[in-house]
Amino acid sequence: MASLFLCFFLCLSSLIILPSSSTINLNLSPIPTSKSSSNRWDFTSDVVKTAIERARHLKHPHKNTSSTTSALHGATSIPLYARSYGGYSVYLSFGTPPQRMPLIFDTGSSLLWVPCTSKYACANCTSSKVEPFQPKLSSSTRVIGCRNPKCGWIFDADEAARCGPGCGSNCSRGCPSYVLQYGKGATSGVAISETLDLPGKPVRDFLLGCSLLSIQQPAGTGIGGFGRAPTSLPSQLKLGKFSYCLISHKFNDGSRNSKLYLASKGEKIPIASEVKGGKIEYTPFYKNPTKAPYNEYYYVNLRKITVGKKHVKLPYKYLVPSRSGDGGTIVDSGSTLTFMEQPLFESLVKELAAQITHYKRAHDAEAFSGLGLCYEIKEARNVSFPKLVFHYKGGAKMLMPVDNYFSYVSDLGVWCLTIVTDASLDGPSVHVGPGMILGNYQQQNFYIEYDLDKQRLGLKKQKCV
């Protein structure tokens, strides 16, 4: 990895310099991959490994390494697609004229970036027919200068540090190149200002990452950061709310999608067709007591977990962030499977196993897949598992559909728990970062609303279509 990062900076210097003179709804869909689905077992194991790598990144994030946007008015929606490797994607258009680009929908990071220029290179990436964004074809592309306040959104260093020695008041140096890590993957590029072309609502002077080199990313796909930092889409557009309802994973790349709604401050989201019956329950967001990097995550207060009618005994220190910022629960659309620190996970598995006595435990399947709890069940339907409920502060709860916490692996005729842990992360007595990461697999078929005006998360069990 270190040698590849070095290559990033060596190659960046040789690439063509970009010209410096010059409530919406989106469709969400799962992200494509070139992996064959013929061996579901190998794929399941890969999903587990990817989830754990993602958790390691969120718990040990790497800060960027160095070498006035218009607000949205009204509400709009964008198609949101489920993809085969376990993520969800949106298509956004940038530039003048607009160029349409796929981005992974990610509430666990903030910068939006796209594969950029004809010299874009991606190591250990899947093949793609998607063309990179071409700044030379856009009349609205501008390089972000080192003195531009938006450069400070990416880098914590002060202006003098960003610009380097010998850069006076008339210095025209660009913002330093960024390097971002996502689990085993990474990307590097330069910050540009562009026009974001939302449906009927162009947003000018939008900060966008123009990535020139990447490692282990879905080829042709960028990242759409929806986190809490200034670089994110909700922050740049000054959104009051955004919401989504994730369709079920089929781990393929179909055309089915749901809507990602965006609404400006004070505006309502037109959810009548999305939420039917009952009411939306809310739980407050809260800030991690420390500063970067954890303050860009959406933290909620998980009060308890019930299995059947029994409360799971959970160590309190993992549920609420300490003064050092460790612990607590974050909501992350970029993680496929929910991650729990080992003590939380072991308590949950112990209670589930105690109540599931009518099926035979599949220990070999657990060892092969990395999943912590599997049962030998030949039937793909009509299974019986105890109810699993996550209870949050304020009374909001998630009563999980069975398919949200157990998945059928047809190759071996087993059902496995789709919540993971990593025993090697920090050891049994030391933990760093969030204690639990609520992944998108457990968010399927829930209407989920990020009410940024009132700093709360809305939840409603709902069949997503």
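Gly 334 is found in the loop between strand 18 (329-331) and strand 19 (338-340), and in this predicted model the loop offers a convenient place to begin. Along the chain, Gly 334 and Ile 223 are separated by 111 residues, yet in space their C-alpha atoms are 9.4 Å apart. If neighbours within four places in sequence are left aside, the residues in contact with Gly 334 are Arg 54, Phe 105, Asp 106 and Thr 107.

One of these contacts leads onward, since Thr 107 is also among the residues touched by Tyr 450. Not counting residues up to four places away in sequence, Tyr 450 also touches Gly 240, Lys 241, Phe 242, Tyr 244, Phe 285, Tyr 298, Val 331, Gln 443, Arg 456 and Leu 457. In soluble globular proteins, nonpolar side chains tend to be buried together. Here the largest nonpolar core has 79 residues, and Tyr 450 is one of those with the most contacts inside it, together with Leu 92, Phe 94, Phe 242, Tyr 244, Phe 385 and Phe 390. At least three residues of this core come from domain 1 (66-159 + 173-264), and at least three come from domain 2 (281-461). Separate from it is a second core of 22 residues, which includes Ala 51, Ala 55, Phe 339 and Cys 416.

Another loop residue to look at is Gln 444, which lies between strand 27 (436-438) and strand 28. Is Gln 444 buried or exposed? With a relative accessible area of 3%, Gln 444 is buried, because the limit for that label is under 20%. Its contacts, leaving aside neighbours within four places in sequence, are Tyr 88, Leu 246, Ile 247, Ser 248, His 249, Asp 403 and Asn 404. Of these, Asp 403 is 41 residues away from Gln 444 in sequence, while the two C-alpha atoms are 8.9 Å apart in space.

The next topic is charge. Side chains of opposite charge can pair when their charged atoms come close. The structure holds 10 salt bridges, and one of them is formed by Glu 449 and Lys 241, whose closest N and O atoms are 4.0 Å apart. This pair links distant parts of the chain, for Glu 449 is in strand 28 (residues 446-451) and Lys 241 is in strand 12 (residues 239-245), 208 residues apart. Both Glu 449 and Lys 241 are buried.

A second salt bridge joins the side chains of Lys 265 and Asp 453, at 3.9 Å from N to O. Lys 265 sits in the loop between strand 13 (258-264) and strand 14 (281-286), whereas Asp 453 sits in the loop between strand 28 and strand 29 (456-461), so that this pair too links distant parts of the chain, 188 residues apart. Lys 265 counts as exposed, at 53% relative accessibility, and Asp 453 is partly exposed, at 37%.

In a further salt bridge, the side chains of Arg 361 and Glu 366 meet at 2.5 Å, N to O. Here Arg 361 is partly exposed, with a relative accessible area of 28%, but Glu 366 counts as buried, at 12%. Elsewhere, Glu 53, Arg 56 and Asp 422 are linked in a network of salt bridges.

We can now turn to the strands. Four of them form an open sheet in the order 17-16-22-23, with antiparallel pairing. The edges of this sheet are strand 17 (310-311) and strand 23 (397-399), each of which pairs on one side only. Strand 16 (residues 302-307) is joined to strand 17 by 2 bridges, and Val 307 stands opposite Lys 310 in strand 17. Helix 6 (residues 342-355) lies across strand 16, strand 17 and strand 22 (388-392), and runs at about 20° to strand 16.

Strand 8 (residues 178-182) gives a final example. Why is strand 8 described as largely enclosed by the rest of the structure? The reason is that 5 of its 5 residues are buried. Both faces are covered, with Tyr 178, Leu 180 and Tyr 182 buried on one side and Val 179 and Gln 181 buried on the other. Strand 8 pairs with strand 9 (residues 185-198) in the antiparallel sense over 5 bridges, and Ala 186 in strand 9 is the bridge partner of Gln 181. The two strands form a hairpin with 2 residues between them, and in the turn Gly 183 has a positive phi of about 60°.

How values were computed:
Residues numbered from 1 in each chain as written. Predicted model: local features only at pLDDT ≥ 70, side-chain atom pairs only at ≥ 80, totals over all residues. Heavy atoms only, no water. Core = buried A, V, L, I, M, F, W, Y, C linked by side-chain atoms within 4.5 Å. Buried < 20%, exposed > 50% of the residue type's maximum accessible area, 1.4 Å probe, protein only. Domains from an automatic or database assignment. Contact = heavy atoms within 4.5 Å. Helix = DSSP H or I, 4+ residues; strand = E, 2+ residues; numbered from the N terminus. Pairing = 2+ DSSP bridges. Axes fitted to C-alpha atoms, helices over the stretch in contact; angles between N-to-C directions.
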